[in-house]
Amino acid sequence: MRLAADDRGRVPFALLGVLLLVGSATFSGALSAHDPVADRRVDDAMDRATAQADAAVRAAVGDAAREAAANPVTSPANTTAGRLLSDEHTFRDYLRLRIALAATERLRAVSVGRGDVNATATLPRPTNESSLRDAMDRVSISSRENGTVLVATVENVSVEVARGGRTVAADSVTTTVGVRTPVLALHDRTESFERRLDANALDGGTLDATVTTAMWASAWTRGWSQYAGAPVDNVVSNDHAALATNAGVLLAEQQAFGATDADARGATGRAAVKTGAKSLLSQTGVSAAPELANALPAPNPDAESPASEVPTNRTINASVGSAADHALVGLLDGRGDAPAYDDVVADAHRAGVEIDAETDVLSRTEDPPENSGRGWTLVSISTDTSSSAETVPTRTPAVAADTVVVDAGSRIVTTVETTTRTFRRGNETLQTEARTETRTRVDLAAVVDPAAVSAPVRPIDPAVTSGGALDGENFAAAADAAADVVVTRGGFDDIACDVVTGTPPEPRQTTAPMAGGLDRWVRSDLIELADRVRDRRVTVSARRVAAGEVNPAAELASDLRADRSDLVDAPAAYDGVADRARVAVRATYLDRVLATLDHRANQTAAASDAANNESKDAEFGSLSEAVRAEEVARAALGDSRADGANGTANESGVRFVPDAEPMYLSLGGLDGAAVPTVARGGTYHPLVARNTNLFTLPYGDAADTVLEPLFGANRRVPLRVAARTLLAADSTLENTNATNETLADRRDRLETAVDRSVVPAEEAARHTLRDHTNHSVTERQRILERSLGAWDDPAHRALAITNGSAARAIAVEAAAPGTVEADLLELRLDDAFRAVRSDRSTTVPQRLTNRTVETTRTARQQAVSDTATDAAMSATEDAVADRLNDTLDSRFDTSFKRIPAGMPVAPVPGSWYATVNVWDVAVAGEFAQFRVHARGDAESLTYARDGSTVTLDWDDDGTAETVGRGDRVSFDVETTIVVAVPPSGVGVGDIDGNADERSEGWQGGPGCTVAADCPLDE
């Protein structure tokens, strides 16, 4: 064997090479493990990671501060995270929690690499309540420089160094950083501001002191003006309380923040102008004066108004409102001359089956008869006509867009008309012939022609086959009928000949069956449209409204007409007959709304003219002159800003600027679209107020005078006025132990009259239930008894009928609450009540009401005179003594006159006679959003409280858990006012009949009328 072929005992060279490489690497690794340079890398990585951890914590503190300011928590939730926050230090605990979580997240990014050495800094991620508490406990905070520097300490930050996947060094460090962020100052100042709003005057309550002082000053000024003869109907009003409240808010802002909300200052100035103008207008004697004053610019802008707009350029909104409801009920119930719902739907399902034809004479030839000559007498004429049809290429006649062509054909009809004349001369007979041949093109179409409806003309697809929106049969049967016409009349040949000879087929009327669920579908769509139309509004100039130069109802009608096509929302092609019926109902409904608005526009125009004439007759001038007076007031007020308008910097160089929404806490409900954190379409009441006048009666309420029907010629008063008078009499009898027999007798007679006047409304409710529910007679009676039984006396029942409460109660009792049926029934009942209230049978004799009013007032005065004298005179003696002494001898040396308001008190030793009255005033308010902006040397930061629910994903599971809520800034204030004037004159008191004046929304308190509209409060 040759050596080259002998491989025994040999090792492959490749294997030797691998062994050499592995050995070399192992040897090198052993040497490097003891490299002093590598050990220095560990220390260096540790130092660098610790430094990066400090930076990460600093960044985390900044992140947490910004998040906590933007989404603060002042009320903890009963959740894992919320339970960690104490009631005493909720916000600070919340800030600590955010810092802990932010630091944990920021430290994840800390990684220092030095060759094969890597260092990290970490905090354990919490996984349960215990570890979350540990994370928060690792953080402590404090503040410096008046809260503009946040000092945070984070303990037990783990720093580890690894090499080759093995930990070679570890340490636990504590990091303390100071971050220039004013988060604590913002929170603390806001808390101080809220305390100043909510505390009483003795405890430093700025608002309580301001409202009390301002309301006393206002009541005394207006009370003495009323006594002196000025036509002041309302001595203490909620408008004045609102103005005083907003002034107090501004003062509290100045004290807490060193600055005030510039927009709020302007709004308060505008409100002052409006309140003054309202008082001025109310003294003109014009019955519409309150409404004219309300047309002046509102202090809060609407959602679309520029923030910088001057007051008199402000706008007001007018909505379609009840006109939409009236039209809806009228359409569904077939009221009035306009088409009813059932008729519209039925018409949309009707169609004519007919033959459409277009003719064109192509030629006409005539062969005249031979001349018979002389002596012949015409004895007879006979005409013979023959027709023949020739098929030619089809040309379909033009039809409307919604007309469906079932079949079509074109023919040329040749008509030969032979006229034979017979002549006689003696015994001879002569016949002549005249021949006329006409060639006529006849284009034919067997069509289904839908009946005309209010909907726009559009193609229907499908039209003659089943399908479409509700999978209905559509006009399939009509198409079959059209085809039958062609067959039964001998085809297009014979029909063409009949058309030429003037005997075409007569049209037939057919009705398509209605698809299943059609009524429910169309009604649902209609109600959605009604809701949309109800909320339609136009923005008009407040000045032009006040001047009577713009008619909101006419503007609404014009706006609706301009958008009618969009609101009808007809598709390019109807999705079957059902879809066409749906759109036809929409169009008919809109026409009804427009008719209602047109009617209201005419009424508005007449009322504006009358108001303008009354204003002139009162020697106040025209309405436009009244608006010019407001312009003068605005010019006098100016648009200058007070010192500190942009915030006053403190010693830390930081300015705190409050920024409230709404800028002015108004009594009226605000549209949710104009208020942050409130659902669009919702209503938000930033301020509610109530003032109760002790010595007055609920008779002659201005709203009744303006809005309810007046029956002056019949000497009768509306049911609502009589009901309130009856309640006042009841209250007086109860407080006097029914000792006044005259009042008891008049009260009983008034109750009988009110009870009698309620009967027509109850009958109207019975008829409405009969016509629009399936309940039996017994069930309907039980429904009325249960619903109206909530008001167990005639007075309250009458008020419920006039204010809509009864309609709602009956509807809910008769139909499932929250259903379309219940809503429609409520609208029908309300419409029925409104109609019946215009009838004389639902009014009450004016004489009986007036006598009850007078007797009630007298009984009240007598009952309280002894107990009220000492307290009233003690409270007012110093304030009125000097004025009484100076003027009584010269002016008031007269006998007592009948006093329409207030209480004439008995003499007190050492003092003069006086007439006194007492008011209790309560206000409660809430800012939808209250923000404070920090500007200056520290980080620019905004702190916001808006009721939002705050959530955190603290365990990194992808689900955020509720921590708590940042409560809205809110408050309530109550004060009592006593006013005294000399005897005689007209006394002092609210004589407008509204003894218990409650602002809109008082019952539910400040905030959203419907809780669901303020989802962030939940």
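In helix α13 (residues 491–501), the buried residues (under 20% relative accessible area with a 1.4 Å probe, protein chains only) are G491, F492, I495, A496, C497, D498 and V499. The model is predicted, with local features requiring pLDDT of at least 70 and side-chain atom pairs counted only at pLDDT 80 or more, whereas totals for chains, interfaces and linings use all residues. Residues are numbered from 1 along each chain as its sequence is written, and side-chain values use heavy atoms, with hydrogens and water left out. Helices (H or I, at least four residues) and strands (E, at least two) are DSSP runs numbered from the N terminus.

The buried residues of α13 pack (contact meaning heavy atoms within 4.5 Å) against β8 (350–367), β9 (377–392), β10 (404–425), β11 (428–450) and α12 (476–488). G502, with a positive phi near 85°, follows α13.

The largest nonpolar core, a set of buried Ala, Val, Leu, Ile, Met, Phe, Trp, Tyr and Cys residues joined through side-chain atoms within 4.5 Å, has 93 residues. Helix α2 (residues 36–70) gives the most to this core, 13 residues. I99, V183, F193, L197 and F927 have the most contacts inside the core. Leaving aside residues up to four places away in sequence, V183 touches A65, A69, F91, L95, G147, L150 and L941. A second, separate core of 62 residues includes V320, V353, V486 and A578.

Helix α23 (residues 777–788) packs with helix α25 (residues 805–814) at an angle of about 130°, their axes being 9 Å apart. In α23, I783, L784, R786, S787 and L788 meet A806, A809, I810, E813 and A814 of α25.

Conventions: Axes fitted to C-alpha atoms, helices over the stretch in contact; angles between N-to-C directions. Buried < 20%, exposed > 50% of the residue type's maximum accessible area, 1.4 Å probe, protein only.
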